[in-house]
Amino acid sequence: MSAISVRGLRKSYGALEAVQGIDFEIEEGEVFGLLGPNGAGKTTTVEILEGYRRRDAGDVTVLGNDPQDPGPEFRQRIGVVLQHSELWPNLTVRETHRAFAGYYERPRSVDEVIELVGLAAKRDARVKTLSGGQKRRLDLGIALIGDPDLVFLDEPTTGFDPAARRAAWEMIRSLRSLGKTVLLTTHYLDEAEQLADRVAVLREGRIVTIGTPRELTSADLEVEIRYRRNGEEVLLRTTEPTRVLHELTAEALARGEELERLEVRRPSLEEVYLALVSEDEPA
Amino acid sequence: MRLFVHELRNQLLVFWRSKEAAFFVFLFPLLLFLLLGSVYGGKIYGVPASEALLAGLLGYGCANTAFAGLAIQLVVRRELGILKRLRATPLSAPTYIAATLASTLTVFVVQTIALFVIGAILYSAPFPHAFGSLVLAIVIGAAVFSALGVAAASLIRSAEGSSAVVNFILLPMAFLTGSFGPTRHYPAFLRAIGDVLPLKYFIEIVNAVYLHRQALWTKGGALAVLAAWGATGLAVAALRFRWEPREG
């Protein structure tokens, strides 16, 4: 059975249609990424699945529950990292974990979870003394303390420096090895590529593409060939670079010319992604 | 029930860990009692001044703890996203609210006991005679001011402004209703304002029960005014209370 199933989901805030009819399935044990720029509808979608918001239309099932009207077990089985949330500033890391552990019927060991999220050295530090990255790890720790089957991570690394981001990635990968289903939102392409088994790219409330990160970026891409001729730059775009290049070089050789500043490049993943989420219709 | 006890312990831990809360909510009324008790001598309303002040500061303590303290606490927790985060756990909203009110009541009861102990030691004020009525009065007062505290929290937009807003209400109310000493020499219009405020009626009940050894039910009018304020607070809270921070 899939952990999450979404069909025709819609949500508006006044005149703003934040989510305009999206469909996707997430299998148990899968790490699924919702990727898109700010305002694409990622957080609205996740907060509907978490049970914070009511949908306007569509069918949604999360762990066999309708999150709008969940059974008593639902919140025992989900773990949540919100995009913005803080915790009691004057409690210690350990006290905070213990407070949350008490809300669940079958919590994990507090010390184990603190170890898992790499806060063992900060066990007795007050929350207000933690750095931004450490606070985010605390958020992850309390999301895991109830031993959930499904974990929601809403932009878990936004604002991190590169080292903190790598550390967070390691932790999220360890969730997969624990067998958790993970729904992750991000606006970083590399993060989705590094962590997710499958990715849905959202733009203006719609899914523009869905698939593995590899599928996403290996679609019929046009390769760019550039060179200079009589001081003028020439740019060719083609899906058959071998043939085009062969013809070009054959002609040049026949004329005894050099193709000045010849360059052949595939667009980067970043460019593919930007093309997908840009204002123009994707190619 | 297990969740309620667990959350009550969490909330008390969070309360005592915050130095600002422990000082302004718990200690401040006690310090005022020490201060005013050493300033006022003789008699107020025909009873020793220290006893009248004790009753007034019990009233101030109630409004300070259940109205001001609770309102600030809730706004801060809402704006930090703590309330929103808790909604994703198995802790239900009714259990959370019950534990919050029980934690507030606990702090106020400990403070009241401390007031009587200080009164007995320093000013030889007697312990309450109509004990059952006083306990009931304390619970009613805490309930009414908690309802107003949750209502205030629902109307206050930002954590930064919350302390200023509630103290702008609390301190004038305490002065006008006789928490800090008798109001009979105040200008008539100030007394008229005091006459509509809930704290006046709570102090009136405490005075009757503690100073004049009357039973709680002899103060039907004052109880009715408190009930009206409590109902208003509940209505505003039910309509306007939010769990999520103002910005999404």
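At what angle do helix α6 and helix α9 of chain B pack? Select residues 131-155 and residues 198-211 of chain B: the two helices pack at an angle of about 170°, with their axes 10 Å apart. That makes α6(B) roughly antiparallel to α9(B), since the label applies to angles over 145 degrees. You're looking at a predicted model, by the way. We'll come back to this pair after a quick look at the confidence scores.

**Stop 1: confidence**

Colour chain B by pLDDT. The average there is 94, and 99% of the residues score at least 70. For the complex, the predictor gives an ipTM of 0.92 and a pTM of 0.88. A general caution for any stretch that scores badly: where pLDDT is low, the predicted coordinates should not be read in detail.

**Stop 2: α6 against α9 in chain B**

Back to the opening pair: α6(B) and α9(B), with axes 10 Å apart. Show side chains for B:S133, B:L134, B:A137, B:G141 and B:V144, which are what α6(B) brings to the contact. From α9(B), add B:P198, B:F202, B:I205, B:V206, B:V209 and B:Y210. Sort the residues of this contact by class and you get 9 nonpolar, 2 polar and no charged.

**Stop 3: α3 against α9 in chain B**

Keep α9(B) on screen and bring in α3(B). These two pack at an angle of about 140°, with their axes 9 Å apart. α3(B) and α9(B) are therefore oblique to each other. The crossing is right-handed.

Pick these out on each side:

- On α3(B): B:E51, B:A52, B:A55, B:G56, B:L58, B:G59, B:C62 and B:A63.
- On α9(B): B:L199, B:F202, B:I203, B:V206, B:N207, B:Y210 and B:L211.

By class, the α3(B)–α9(B) contact has 11 nonpolar, 3 polar and 1 charged. You may recognise some names: B:F202, B:V206 and B:Y210 of α9(B) are in this contact, and B:F202, B:V206 and B:Y210 also take part in the contact with α6(B).

**Stop 4: α3 against α5 in chain B**

Hide α9(B), keep α3 (residues 49-80) and add α5 (residues 93-123) of chain B. Which way do α3(B) and α5(B) run relative to each other? Their axes come within 10 Å and cross at roughly 160°, so α3(B) and α5(B) are roughly antiparallel to each other. This crossing, too, is right-handed.

From α3(B), select B:S50, B:L54, B:L57, B:L58, B:G61, B:C62, B:T65, B:A66 and B:L70. Facing them from α5(B) are B:T104, B:V107, B:F108, B:Q111, B:T112, B:L115, B:G119 and B:Y123. The class split for α3(B) with α5(B) is 10 nonpolar, 7 polar and no charged residues. Click on B:L58 and B:C62: both belong to this contact with α5(B), and both also belong to the contact with α9(B).

**Stop 5: where the chains meet**

Turn chain A back on. The contact between the chains takes 16 residues from chain B and 19 residues from chain A. On the chain B side, select α1 (2-17) and α4 (82-87), the elements that give two or more residues. α1(B) supplies the largest share, 6 residues. The chain B side divides into 8 nonpolar, 5 polar and 3 charged.

**Stop 6: chain A overall**

Now isolate chain A, with its 10 helices and 12 strands. The C-alpha trace spans about 80 × 45 × 35 Å along its principal axes. Of the 283 residues in chain A, 37% are buried. Among contacts in chain A with a separation of 6 or more, 64% are between residues 24 or more positions apart.

**Stop 7: three residues in chain A**

Start with A:V93, in helix α3 (residues 93-101) of chain A. With 28 C-beta neighbours inside 10 Å, A:V93 counts as buried. Leaving out residues up to four places away in sequence, A:V93 touches A:I114, A:L119, A:K122, A:R123, A:A125, A:V127 and A:L138. Try a C-alpha to C-alpha distance from A:V93 to A:R126: they sit 6.3 Å apart in space and 33 residues apart in sequence.

Next, A:L63, in the loop between β4 (57-62) and α2 (74-77) of chain A. Phi of A:L63 is near 50°, a positive value in a residue other than glycine. A:L63 is buried, with 22 other C-beta atoms within 10 Å.

Last, A:E155, in the loop between β6 (150-154) and α6 (162-177) of chain A. Here as well phi is near 50°, positive in a non-glycine residue. Is A:E155 buried or exposed? A:E155 is buried, with 21 other C-beta atoms within 10 Å; the cut-off for buried is 20 or more.

How values were computed
Residues are numbered from 1 along each chain as its sequence is written. Chains are lettered from A and ligands numbered from 1 in the order in which they are written. Helices (H or I, at least four residues) and strands (E, at least two) are DSSP runs, numbered from the N terminus. A residue is buried if 20 or more other C-beta atoms lie within 10 Å of its own, exposed if 12 or fewer, and partly exposed in between; C-beta atoms are placed from the backbone. Two residues are in contact if their C-beta atoms, placed from the backbone, lie within 7 Å. pLDDT is the predictor's confidence in each residue, from 0 to 100. Ala, Val, Leu, Ile, Met, Phe, Trp, Tyr, Cys and Pro count as nonpolar, Asp, Glu, Lys and Arg as charged, and the others, Gly among them, as polar. Axes are lines fitted to C-alpha atoms, for helices over the stretch in contact, and angles run from 0 to 180 degrees between N-to-C directions. Angles under 35 degrees count as roughly parallel, over 145 as roughly antiparallel, 65 to 115 as roughly perpendicular and the rest as oblique. A crossing is left-handed if the near helix is turned anticlockwise from the far one by less than a right angle, and right-handed if clockwise.
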